[in-house]
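Open your viewer and get ready to click along. We will go from stop to stop, with something to select at each one.

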Amino acid sequence: MRRSTTKSAAEILDRLARTERLGNLGWAEWDLVTDTVHWSDHLFEIFERDRAAGPASLAQAREYIVPDDLGRADKAVQSLIGDAKPIDVTFRIAVGSGIRHIRAIFEAERGRDGKARLVYGIIQDVSVFEAAARDRARLADVEAESAELQASLRIEHSVVAALQQVILPVPAGTVRRPGLEAAVRYQPAEEVARVGGDWFDLVHLPGDRTLLAVGDVAGHGMPAAAKMARLRHALSALAVTTDDPAQLLSYLNQMVCDDPTGPTATAAVARFDPETSSVTWAQAGHPPPVLLTRGGAAPLQRPEGMLVGALRTSEYGTATTALAPGDTMLIYTDGLIERRTFDSDWLGPVLRALGGGADLPLQALLARLQPASPDDDTCVLALRAVGDG
C-alpha cells in the first residue's frame, strides 16, 4: 500500500508539473506577516530567475515589471493588499530573453484586523495570447444595478455634493506663490458620487516655499471622501514637523499602517523652493509627474516608493527637478491615464495634448486634458515656475 500511495503522489506531482509547463504558468504565495515567499518550480522559468536565489519578494518581483506598466501593477497590489480584493491583471516583465506578457490572478486571505495577511495565486506567461489579452475589458454592469441602489446613490450624491467644497475646495483660478503659479483641475468619476478618493493640497511653508501634494484613495462616495479627508489633513499637520517629501510620506505610511482601519493610497508630495526654482518630490506608488518645457513634454523618472499603507517598513526616495521660468510640472492621479483596455501608449494621449502648450495659461492647459476613463476620478495639479518679473 505504501508503494502504491507513494507512486500515486509522485504521479500527481508529475502531472502538476506537466500542467504548469503546458499552461506556461506557476503559483506563488507571499506571507505578509512572516515575510516568507513560496514559488512553484515553473515560475522560476517564467521569470528566468536562478533557483539558488530563491523566490522573489514583492519588492524584488516589482523590479521585473516594465516601467510603463508599474502604475497598473501598483494599483492592482493596492487592491490586493490594501482592500484584500482578488485581482486579475496583465502586465509586462523584462527577463533575459526579452519582454514577456504576464497575467496574474491572485486572492488575499484576511487577518483578524481585516487586512490582507496572505496573498496567493497563479502567474501565467500569456505572451502568445497578447492580442486577445489587450482586447479584454472589464466593463461595469451598470444596467444590472437595482432601483434600490440607484436611490441610495442619489441620496449619497445630495450629501457628498454639499460636502465637496468643505472637504476639497478647488481654487477657482490660478494660485500665486513666490516664484510659482499653480492651478488644479478635479473631475469626479460619476455624476451620482461627486467626491471620490482623489485629493490635492497646497501648504505654505517657511521661507516662501510651497508644499504641493496629490493623492488617490480607491473608491467613490462617502467612504472614499472620509479617507481622503483624513490623509489630506494628516499631511498638512505632518508638514509642521518636516518639509521633506520622503519623510512626510514615511510618516503618513506609518500612521496608516498603525491604524487597522487606515486606507491605502497612492500619493506624490513636492516642495517648491523659489530661491533655486526647483521641486524636490517623492512618490508612493503614484504615476510619474510630467515636465512640460518649450522643448516638449516628458515623464520624470520616479524615485522608489510603495503605496501608503501597504508595508510599514516601506522606504521613500526623493528626486529634485530644476524648473526654468515657464517650465510646468504636472502631478495627476491615474484617472487621467488608465484606460479600460491594455494600452502600451498609456501616457501618449497626455503628452500629445500638452504638445505646444508651454505658453498657455495654466487653466487653458488643464482644459486640454481629458480623463482616460469615466470610471475613475481625475485630479491634475499644475505648477509653473515664474520669473521675478
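This tour starts with the whole chain and then visits strands, a surface patch and some charged pairs.

**Stop 1: the whole chain**

Begin with everything shown as a cartoon, and keep in mind that this is a predicted model. The protein chain has 10 helices and 16 strands. It holds 389 residues, and 47% of them count as buried. Now switch on the surface: the chain exposes about 18700 Å², and carbon and sulfur atoms supply 53% of that area. How much of the contact pattern joins residues at least 24 apart in sequence? Among contacts between residues at least 6 apart, the share is 65%.

**Stop 2: an open sheet of 6 strands**

Strands of a sheet pair through backbone hydrogen bonds, either parallel or antiparallel. Turn on hydrogen bonds if your viewer can draw them, and look for the open sheet with the strand order 6-7-16-15-12-13. Its 6 strands pair in the antiparallel sense. Which strands are at the edges? Select 175-177 for strand 6 and 296-299 for strand 13: each of these pairs on one side only. On average, neighbouring strands in this sheet are turned by 20° against each other, direction ignored.

Next, select residues 328-332, which are strand 15, together with residues 378-385, which are strand 16. These two run antiparallel and are joined by 5 bridges. For one pair to label, try Ile331, which stands opposite Leu381 in strand 16.

**Stop 3: strand 5 and its partners**

Select residues 116-125 to highlight strand 5. Then add strand 4, residues 98-110: 9 bridges join it to strand 5, and the two run antiparallel. Strand 4 and strand 5 form a hairpin with 5 residues between them. Click on Gly114 in that turn, which has a positive phi of about 85°.

Strand 5 is also joined to strand 1 (residues 25-31), this time by 7 bridges, and again the strands run antiparallel. Label Asp31 and you will find Leu118 of strand 5 opposite.

From strand 1, move on to strand 2 (residues 36-39), which pairs with strand 1 in the antiparallel sense over 4 bridges. Glu29 has His38 in strand 2 as its bridge partner. Strand 1 and strand 2 make a hairpin too, with 4 residues between them, and Asp35 in the turn has a positive phi of about 60°.

**Stop 4: a nonpolar patch**

Stay with these strands and show the side chain of Ile122, which is found in strand 5. Which residues stand opposite Ile122? Trp27 is one of them, and Ile105 is another. Now add Leu16 to the selection: Leu16, Trp27, Ile105 and Ile122 form a nonpolar patch on the surface. Together they have about 340 Å² of accessible area. Ile122 has a relative accessible area of 39%, so this residue counts as partly exposed, since that value falls between the cut-offs of 20% and 50%.

**Stop 5: charged pairs**

Side chains of opposite charge can pair when their charged atoms come close. How many salt bridges does the count come to? The count comes to 19. Here are three to visit.

- Select Glu304 and Arg62, whose closest N and O atoms are 3.6 Å apart. Glu304 lies in the loop between strand 13 and strand 14, while Arg62 lies in helix 3, so the pair ties together parts that are 242 residues apart in sequence. Is Arg62 buried or exposed? Arg62 is buried, with 14% relative accessible area, whereas Glu304 is partly exposed at 49%.
- Select Arg230 and Asp259, with their closest N and O atoms 2.5 Å apart. Arg230 belongs to helix 7 and Asp259 to the loop between helix 8 and strand 10, so this salt bridge ties together parts 29 residues apart in sequence. Arg230 is partly exposed, at 39%.
- Select Asp258 and Arg312, where the closest N and O atoms are 2.8 Å apart. Asp258 is in the loop between helix 8 and strand 10, and Arg312 is in the loop between strand 13 and strand 14, 54 residues apart. Asp258 is partly exposed at 48%, and Arg312 is partly exposed at 44%.

**Last stop: a network**

Return to Arg62 and Glu304, and add Asp74 and Arg302 to the selection. Salt bridges link these four residues, Arg62, Asp74, Arg302 and Glu304, in a network.

Conventions: Residues are numbered from 1 along each chain as its sequence is written. This is a predicted model: local features need pLDDT of at least 70, side-chain atom pairs count only at pLDDT 80 or more; totals for chains, interfaces and linings use all residues. Side-chain values use heavy atoms; hydrogens and water are left out. Two strands pair if DSSP finds at least two bridges between them. Axes are lines fitted to C-alpha atoms, for helices over the stretch in contact, and angles run from 0 to 180 degrees between N-to-C directions. Buried means under 20% relative accessible area, exposed over 50%, partly exposed in between (1.4 Å probe, protein chains only). Contact means heavy atoms within 4.5 Å. Accessible areas come from the Shrake-Rupley method with a 1.4 Å probe; for residues, only the protein chains shown count as cover. Patches are made of residues with over 30% relative accessible area and no salt bridge: like charges are joined within 9 Å, nonpolar side chains (Val, Leu, Ile, Met, Phe, Trp, Tyr) within 5 Å. A salt bridge is a side-chain nitrogen of Lys or Arg within 4 Å of a carboxyl oxygen of Asp or Glu.
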